[in-house]
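Work through the exercises below with the sequence and the model side by side. Each task is followed by a solution in steps.

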Amino acid sequence: MDAISSSMHMQQFPGNPEKPFTITTQVRNTHLNLHTYAVKPGRSAHALQLFDEMPKTSDTLAWNTLIQTHVRNSDFDSAVATYWQILLRGIRPDRHTLPRILSVSRVDGSLSFGKQLHGHAVKLRLCSDQYVTLYLKENKPRSAIGLFNEMVALGVEIDKVALVTIIGACGALKSLQEGRNVHQAAQRCGLELDVLVSNALLNMYVDCGSMKDARGVFDRMPLKDAILWTAMVRGYVKKGEFNEGLKLFRQMNAEGIKPDAVAISSILPACARMAAHKNGKEIHGCLLRNGIDMNLRVQNALIDIAVMVEDGWLYFYKIRSPLVAHCALMVALLGRAGLFDEARAFIEERQLARHAEVLRALLDGCRIHQNVNTGKRLVEQLCDLEPLNADNFVLLSNWYAHMENWDMVEKSRETIEDMGLRPKKACSCIEFKNKVHVYGTGDVSHPRSERIYWELQSLMEKVEGEGIMTSSDFSLHDVDEERECIPIGHSELLALSFGLISTQAGATIRVTKNLHICRNCHYFVKVISKVVEHEIIIKDPSCFHHFKDGSCSCRDF
C-alpha cells in the first residue's frame with residue numbers, strides 16, 4: 001500500500017509534465033478507501049495520518065468510511081475514537097454517521113455512550129430523520145420506546161415517521177399502555193388522523209388485542225380504503241368476535257368498498273368457526289361475481305367451510321370401493337361440522353355401527369360441539385364393542401361425573417378394577433439442554449416444582465384478574481385423574497411452566513403429551529400464549545397444537 005501511496009503522490013497531470021498533481025479531497029477519499037479496506041483492528045495509524053493532511057472540510061464521507069471499517073473489523077474502540085475526532089475537528093456528524101456509531105453502542109452494550117449519542121441526535125435535529133428512525137426500528141422495540149419517550153420529554157418536534165416507527169414497536173411488544181401513550185402524543189402533535197399514523201395505530205391496537213381501541217381509530221378516520229376495512233375484519237375474526245367481523249364485512253360491501261382476496265380469506269374463517277354455511281356461500285358468490293383471484297389463501301379459507309362437507313362427499317363418491325377408514329373420515333367431517341343426524345344416517349346406511357374407529361370419529365365431533373348426550377351413547381357403544389379397553393370406561397366415568405351422578409362414577413371405577421383394567425396415565429415431556437423432563441398429573445417430584453407451580457399460579461391469577469374464566473368441562477375427556485386434579489397440576493401445564501422459567505423470552509416451547517389435552521388446559525394455554533413472549537407447541541395424539549397470540553392452529557377443533 002505504501003508503494004501505491006508514493007506513486008499517487010508523484011503522479012503528474014497527463015499532457016502537462018511540469019504541473020504537479022494536486023491531491024483533492026475526492027482523491028484522498030479514494031486513497032483512504034484503499035487503505036481502510038485493508039486496515040486491521042488497531043492498525044489505522046496511516047489512515048489517520050491521511051486525515052491530518054486533509055484540508056479542513058465539512059465533508060464526512062471519508063470519516064464515515066473509516067468508522068464503518070472499524071465496525072466491520074469489530075474494532076469498536078477505534079470507531080469511537082474516530083467519532084470523537086470528528087467532533088474535536090468541528091465537523092458536523094450527518095445522517096450516515098450516527099447510525100454507524102449507534103451500532104457500536106448497541107453491540108458494546110454501553111448505555112451511557114448510547115445516551116450521549118441520543119443527545120447528539122437531538123441537538124443535531126436528526127432524531128426524526130428517516131435514516132436514524134429505521135435504525136431504531138431494527139433495534140430492540142423496548143429501547144426504541146425509551147428513546148421516543150426521551151424525545152417527548154425534551155420537547156423535540158415529532159414527525160409522522162417517528163410516530164409510525166414507535167407505534168410499530170408498541171405493536172411488536174403488544175404493549176397496549178405504551179401504545180396508548182404514543183396515541184396521545186400523536187393527538188398532541190395533530191397527526192392522529194394522518195393516513196400513515198392512523199393506519200399504524202389501528203394495526204397496533206389489533207396486534208395488542210384491543211378491538212375497542214382499534215374501532216375507535218377506525219370510526220374517526222375520514223377516509224377508509226379496503227386495506228383498513230380488511231384489517232378490522234381480520235382483527236375481529238382473530239379475536240373470535242365472528243359476528244362483529246361478519247357485520248363489518250357486510251357494511252364494507254354496503255358502502256361500495258370492493259373486497260379483495262385478502263378480505264375474503266380474512267372473513268371466511270369466521271363462517272367456518274360459526275358453522276355459518278349460508279354466509280360462507282354468499283361470500284363465495286361475492287368472490288366469483290367480482291372476479292377475485294382464487295389464490296392459495298382464498299382456497300384454504302374456502303376449504304374451511306366446504307371441506308365442513310360438500311367437497312368431502314364429492315371425493316368420497318369418487319372412491320370405487322371405500323374402506324372403513326374412508327368412511328371414518330367422512331363421519332369425522334360430518335361430526336366436525338355438527339351434522340350429527342347426517343352422520344348417524346350415514347353410519348346406519350353403511351352398517352358401520354360395529355366399527356370402533358367410526359364411532360370414535362363421531363365422538364370427536366361431540367367433543368368439539370359439546371354434544372354430551374350423543375357422546376354418552378357412543379361411549380356406551382364403545383364399551384360394548386371393546387370391553388377390555390379401559391379408556392372407554394374412563395370416558396363413561398367422566399360423563400357421569402359431569403352429570404354429578406357419583407354413584408355411577410364409583411360403579412365405573414369398580415368395573416375397571418374388577419376387570420383388572422389399567423387406564424393410561426397422562427404424562428407430558430419437554431426437552432431442555434439435551435435432557436428430557438417428564439411430568440405426571442399433579443407431579444411434585446421435580447427439583448424446581450415449587451417454582452413451576454408458582455409460575456402457573458401467577459399466570460392463573462392474571463387470567464382470572466382480567467375476568468377470563470377457564471372451562472372445567474371434562475365430560476368427554478379420556479383421562480380420569482385430571483378431572484379431580486387442580487387445573488395447574490395437569491402434566492402439560494407443568495411441562496410448559498418448566499419451559500417458561502427455563503428458556504429465554506422469544507424461544508419456542510415444545511411439549512409432547514401421551515393423551516388428549518383437556519379443554520381447560522387448551523383454553524388456558526391460548527391465554528398464556530397471549531401474555532408471554534413465547535410460541536407454544538403441544539403435541540397430543542390428535543394433532544400439533546401451535547399456540548400464538550391467543551389462538552391455536554387447531555382452531556379449537
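Buried means under 20% relative accessible area, exposed over 50%, and partly exposed in between, with a 1.4 Å probe and protein chains only. This is a predicted model: local features need pLDDT of at least 70, side-chain atom pairs count only at pLDDT 80 or more, and totals for chains, interfaces and linings use all residues. Residues are numbered from 1 along each chain as its sequence is written, and side-chain values use heavy atoms, with hydrogens and water left out.

**Exercise 1. Describe the chain as a whole.**

Step 1. Count the elements: the chain has 28 helices and six strands. Helices (H or I, at least four residues) and strands (E, at least two) are DSSP runs, numbered from the N terminus.

Step 2. Take the burial: of the 557 residues in the chain, 46% are buried.

Step 3. Take the surface: its accessible area is about 29100 Å², and carbon and sulfur atoms account for 52% of that. Accessible areas come from the Shrake-Rupley method with a 1.4 Å probe; for residues, only the protein chains shown count as cover.

**Exercise 2. Which salt bridges link Asp213, Lys424 and Glu492 to their partners, and where do the partners lie?**

Step 1. Apply the criterion: a side-chain nitrogen of Lys or Arg within 4 Å of a carboxyl oxygen of Asp or Glu. The whole structure holds 13 salt bridges.

Step 2. Asp213 pairs with Arg180 at 2.7 Å, N to O. Asp213 is in helix α13 (residues 211–220) and Arg180 in helix α11, 33 residues apart. Arg180 is partly exposed because its relative accessibility is 32%.

Step 3. Lys424 pairs with Asp391, with 3.7 Å between the closest N and O atoms. Lys424 sits in the loop between α25 (406–418) and β1 (427–432), and Asp391 in helix α24 (residues 390–402), so the bridge ties together parts that are 33 residues apart in sequence. Asp391 counts as buried, at 18% relative accessibility.

Step 4. Glu492 pairs with Lys513, the closest N and O atoms being 2.9 Å apart. Glu492 belongs to helix α27 (residues 491–502) and Lys513 to strand β3 (residues 509–513), so this bridge ties together parts 21 residues apart in sequence. Glu492 is buried at 0%, and Lys513 is buried at 3%.

**Exercise 3. How do α4 and α5 pack: roughly parallel or roughly antiparallel?**

Step 1. Read the geometry: helix α4 (residues 61–72) and α5 pack at about 165°, with axes 7 Å apart. Axes are lines fitted to C-alpha atoms, for helices over the stretch in contact, and angles run from 0 to 180 degrees between N-to-C directions.

Step 2. Classify the angle: α4 is therefore roughly antiparallel to α5. Angles under 35 degrees count as roughly parallel, over 145 as roughly antiparallel, 65 to 115 as roughly perpendicular and the rest as oblique.

Step 3. Compare another pair: the axes of helix α9 (residues 141–153) and helix α10 (residues 160–173) come within 9 Å and cross at roughly 135°. Helix α9 is therefore oblique to α10.

**Exercise 4. Classify Lys174 and Gln351 by backbone and accessibility.**

Step 1. Lys174 is not a glycine, yet its phi is positive, about 55°. Lys174 is in the loop between α10 and α11 (176–188) and is partly exposed, at 32%.

Step 2. Gln351, also not a glycine, has a positive phi of about 55°. Gln351 is in the loop between α21 (340–349) and α22 (356–369) and is exposed, at 68%.
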